[in-house]
Structure formats: structure tokens, C-alpha cells
Amino acid sequence: MTRWQSLARWSGRLGLLLMLVVAGCGKEEPSDSPVKVEDFRYQELPGGTRIVTGVVRNLTDQPIANLQLEIGLYDRHNRLIGTMQVPVQDVPPKGRKRFRQPLDTDQDVQGARVRSVLVL
């Protein structure tokens, strides 16, 4: 193996490690986030419908008219295979709002995680 091939292989491994670290950091909202997602669940209901559910908690003294959750969808090997957006509206100050969203994909999703929260 040449020096350049060795360097390329090492760089590739480092890049993969960084992606895993960044992906791991995306599981929770930053500590300064105005919201917190609680009781997040991915479920397959009888009949095959797959949904994500949870509660958004507004940590501020102001109402939040609109926010958007980005949900990562994962296969059985815990690889990201897609994302979905879940809109949540009218979260009262210091209040909570439940959400429930069916998955709109035919992929073999085995799990889901909140990747980011965007307050609009």
C-alpha cells in the first residue's frame, strides 16, 4: 500500500468517526433550545401503520406559533435511511403540545430519533 492510499484510508476513517459524533450530538436539543421534546416514541400499530409521537415542551415565556421537528429514520443496523418533518403549532408559554405523525415511507424503518428542532 502506498503512502497516499494509507493516508486516504486514515482520512476516510476519521471522517466516519466525525460523522458518528455529529450524528450522536443530533439526538437532543442544544441546552439553549427554547423547546424540549419529551416522551418521543416510534411505534408500529396493529395493521401496520407506523407513527412517531411525543410532546414538545415550550421552555420560554412566549408562545411558539410554529416549529418543525426533523426526525431521523433508521434501519435495523442503526443506519440513517431517511428523514421526515413534523410540524407542531401553537405551543403555549411554559406549556406542552402533543404530536403524532404517521410515517410516509415504504422503507424498512426500525427506529426513529429527533435530529433537530427548528422554531419558525
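The following questions and answers go through the strands, sheets and selected residues of this predicted model.

User: Which pattern of helix and strands does the chain follow along the sequence?
Analyst: The model is predicted, and its chain has one helix and six strands. Read along the sequence, these elements follow the pattern α-β-β-β-β-β-β.

User: In which order do the strands of the open sheet that includes β2 stand?
Analyst: Strand β2 (residues 50-58) runs antiparallel to β1, with eight bridges joining the two. On β5, seven bridges hold the antiparallel pairing with β2. β1 and β5 stand at the edges with a single partner strand each, so one side of each is left without a neighbour in the sheet. The order of this open, antiparallel sheet of three strands is therefore β1-β2-β5.

User: By how many degrees are neighbouring strands of the sheet β1-β2-β5 turned against each other on average?
Analyst: The sheet is made of three strands in antiparallel pairing, in the order β1-β2-β5. With direction ignored, the average turn between its neighbouring strands is 15 degrees.

User: Which residue is the bridge partner of lysine 36 in β2?
Analyst: β1 and β2 run antiparallel and are joined by eight bridges. One of the pairings across these strands sets valine 37 against valine 56 in β2. For lysine 36, the bridge partner in β2 is arginine 57.

User: Which residue in the hairpin of β1 and β2 takes a positive phi?
Analyst: The hairpin has five residues between its two strands. A phi near 100 degrees, which is positive, is found there at glycine 47.

User: How many of the nine residues of β2 are buried?
Analyst: Across the whole chain of 120 residues, buried residues make up 28%. A residue counts as buried when its relative accessible area is under 20%. Strand β2 is largely enclosed by the rest of the structure, because the number of its nine residues that are buried is eight.

User: Which residue in β5 stands opposite threonine 53?
Analyst: The pairing of β2 and β5 is antiparallel and extends over seven bridges. Opposite threonine 53, the residue in β5 is arginine 100.

User: How far apart in sequence are the parts that the aromatic pair ties together?
Analyst: The structure holds one aromatic pair, formed by phenylalanine 40 and phenylalanine 99, with 6.4 Å centre to centre and 35 degrees between the planes, which makes it tilted. Phenylalanine 40 lies in strand β1 (residues 35-44) and phenylalanine 99 in strand β5 (residues 96-102), so the parts tied together by the pair are separated in sequence by 59 residues.

User: Is phenylalanine 99 buried or exposed?
Analyst: Its partner in the aromatic pair, phenylalanine 40, has a relative accessible area of 22% and is partly exposed. Buried residues are those under 20%. Phenylalanine 99 has 6% relative accessibility and therefore counts as buried.

User: Which strands form the edges of the sheet β4-β3-β6?
Analyst: This open sheet consists of three strands with antiparallel pairing, in the order β4-β3-β6. Its neighbouring strands are turned by 25 degrees against each other on average, direction ignored. The edge strands, each of which pairs on one side only, are β4 (80-91) and β6 (111-119).

User: Which residue in β4 stands opposite asparagine 66?
Analyst: Strand β3 (residues 64-74) pairs with β4 in the antiparallel sense, over ten bridges. The residue of β4 that stands opposite asparagine 66 is glutamine 89.

User: Which residue lies over the face of tyrosine 74?
Analyst: The contact is described by a distance of 4.0 Å from the ring centre of tyrosine 74. The residue lying over this face is arginine 113.

User: What is the phi of lysine 94?
Analyst: Most residues other than glycine have a negative phi. In the loop between β3 and β4, asparagine 78 has a positive phi near 60 degrees, and this residue is partly exposed at 49% relative accessible area. Lysine 94 is placed in the loop between β4 and β5 and is exposed, with a relative accessible area of 55%. The phi of lysine 94 is also positive, near 55 degrees.

User: What share of the contacts with a separation of 6 or more comes from residues 24 or more positions apart?
Analyst: A contact here requires heavy atoms within 4.5 Å. Among contacts in the chain with a separation of 6 or more, the share of residues 24 or more positions apart is 63%.

Notes: Residues numbered from 1 in each chain as written. Predicted model: local features only at pLDDT ≥ 70, side-chain atom pairs only at ≥ 80, totals over all residues. Heavy atoms only, no water. Pairing = 2+ DSSP bridges. Helix = DSSP H or I, 4+ residues; strand = E, 2+ residues; numbered from the N terminus. Axes fitted to C-alpha atoms, helices over the stretch in contact; angles between N-to-C directions. Buried < 20%, exposed > 50% of the residue type's maximum accessible area, 1.4 Å probe, protein only. Phe/Tyr/Trp six-rings, centres within 6.5 Å; stacked < 30°, edge-to-face > 60°. Lys NZ or Arg CZ within 6 Å of the ring centre and 35° of its normal.
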